[in-house]
Each structure stands twice: as structure tokens, then as C-alpha cells.
Amino acid sequence: HVALTSAADRRYVAFEQAIVNAARMLGAAASGLLTSRSSGAVLVTGATGYLGRHLVVALLFDARFADRKIVCLVRAASDADARRRLVDALSDVLPRDGPQPDLRRLECVAADTAKPLFGLTPRAFAVLRNETAAVVHAAASVKTYPSFASHFTQLIEPNVLSALNVALVATCPFGAVSNRSGGPFESQEQV
């Protein structure tokens with residue numbers, strides 16, 4: 001363990017722990033979404049994001065999901081690139097020591113939630129939709145922009161359209177994670 005040398009270091013560690021706790025709570029909430037279907041995958045969007053990667057690890061370690069495939073939609077050129085991108089993101093949050101989750105349970109699909117049918121072929125989309133027992137939508141952009149107009153217009157596609165696309169196509173229980181942004185910030189102190 002490294003000694004925390006500043007208040008900023010301690011705040012960062014507290015923030016990191018809050019994210020891990022939030023991901024565990026989301027995993028527990030996701031198990032409640034599964035009560036209506038006895039089999040099927042858990043579909044996760046935003047899996048490479050900061051909260052999403054913790055969520056995926058929590059799902060992989062949660063015994064309630066031991067028999068479930070976890071399908072992650074990842075923006076990438078191919079499914080193989082999507083898997084590489086996700087595994088790279090997960091490497092930052094997987095435990096360094098102790099038991100490791102079974103990454104073979106992860107299925108990575110190159111997709112974009114802001115596009116119709118997530119940019120998949122109708123057939124691939126139908127298979128994904130039919131095999132999904134629950135959806136946890138954690139994809140979003142958390143960027144800030146210098147003006148309200150640019151902030152709003154830049155966030156429509158990744159936040160609003162993607163949430164609508166995921167909600168409109170879900171034929172199973174659906175949960176969404178949301179952030180609340182107060183808009184563009186003039187300085188770091190306002191964040």
C-alpha cells in the first residue's frame with residue numbers, strides 16, 4: 001500500500017471506492033431485472049467506460065450471474081476489436097491478486113447504441129434481442145463543452161438517442177444508469 005500524501009489522493013481513493021460500490025449495487029439491481037426470464041444474457045452498454053468496466057467486473061463476480069453470458073456492446077470496427085478494447089479496459093479494474101473472473105462469459109459485439117439497430121444487420125440484431133434477458137444501459141458521454149448550445153447538441157446522439165434506441169428495442173427488463181450534468185463548467189472548481 002502506498003501512503004496517501006495529499007487530500008486530493010484521499011479524495012480520489014474515496015471516489016474510486018464509491019464507483020466500485022455503485023457498480024456492485026447496479027449488479028444487484030440487475031439481478032432483479034432477471035426474474036421474468038429464466039435464461040438469457042445480460043446486455044451491457046458502456047462497458048468500456050469508467051463505471052461500466054466496474055459494472056462488468058461486478059457482474060462477472062456475482063454468483064447470481066454465474067450461468068449468464070454477459071454481452072457487451074462496444075464501439076469498434078469488429079467483434080475482435082471490441083473484445084480487445086473491453087479486456088484492455090477491464091485490466092485496469094480487475095483484482096491484481098486473488099481469484100479472477102471467467103472472461104469467457106463475455107461476448108463483445110461491435111455496435112453503436114446511437115445508430116438504428118445498433119449498427120448491426122437486422123439478423124444479428126434479432127439474434128441479440130432474442131437472446132437478451134435483461135439490459136443495463138450505462139453508455140453515455142460525460143464530456144463538457146464551452147457553451148450550453150454546443151454542450152447540448154454534442155450530447156444528443158451519445159446520450160439521448162442511444163438511450164432511446166436501447167429502450168425502444170428492449171423486449172426484456174431494462175435498467176439505465178444516468179449521470180446528471182449541470183452543463184459546461186468554466187473551471188475545474190465547479191465540477
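A residue is called buried when under 20% of its relative area is accessible. With that definition in place, I turn to strand β1 of this predicted model.

Strand β1 comprises residues 41-45, and five of its five residues are buried, so by this definition the strand is mostly covered. The covering applies to both faces. On one side lie Ala-41, Leu-43 and Thr-45, and on the other Val-42 and Val-44.

Which strands pair with β1? One is β4, residues 132-137, which joins β1 in the parallel sense over five bridges. Within that pairing, Thr-132 of β4 is the bridge partner of Ala-41. Another is β2, residues 70-74, which also runs parallel to β1 and is joined to the strand by four bridges. Here Thr-45 has Leu-73 of β2 as its bridge partner. Between β1 and β2 the chain passes through helix α2, residues 50-61, and the resulting β-α-β crossover is right-handed.

I would now draw your attention to the loop that follows the helix. Asp-62 is located in this loop, between α2 and β2. Is Asp-62 buried or exposed? Its relative accessibility is 15%, and because the limit for a buried residue is under 20%, Asp-62 counts as buried. The side chain of Asp-62 also takes part in a polar contact of 2.6 Å with the side chain of Arg-64.

To conclude, β1 is a strand with both faces covered, paired in parallel with β4 and with β2. The loop between α2 and β2 contains Asp-62, a residue that counts as buried and whose side chain contacts that of Arg-64.

Key:
Residues numbered from 1 in each chain as written. Predicted model: local features only at pLDDT ≥ 70, side-chain atom pairs only at ≥ 80, totals over all residues. Heavy atoms only, no water. Buried < 20%, exposed > 50% of the residue type's maximum accessible area, 1.4 Å probe, protein only. Helix = DSSP H or I, 4+ residues; strand = E, 2+ residues; numbered from the N terminus. Pairing = 2+ DSSP bridges. Right-handed = clockwise from strand over helix to strand, strands pointing away. Polar contact = N/O pair within 3.5 Å; in protein donor to acceptor, adjacent residues only side chain to side chain.
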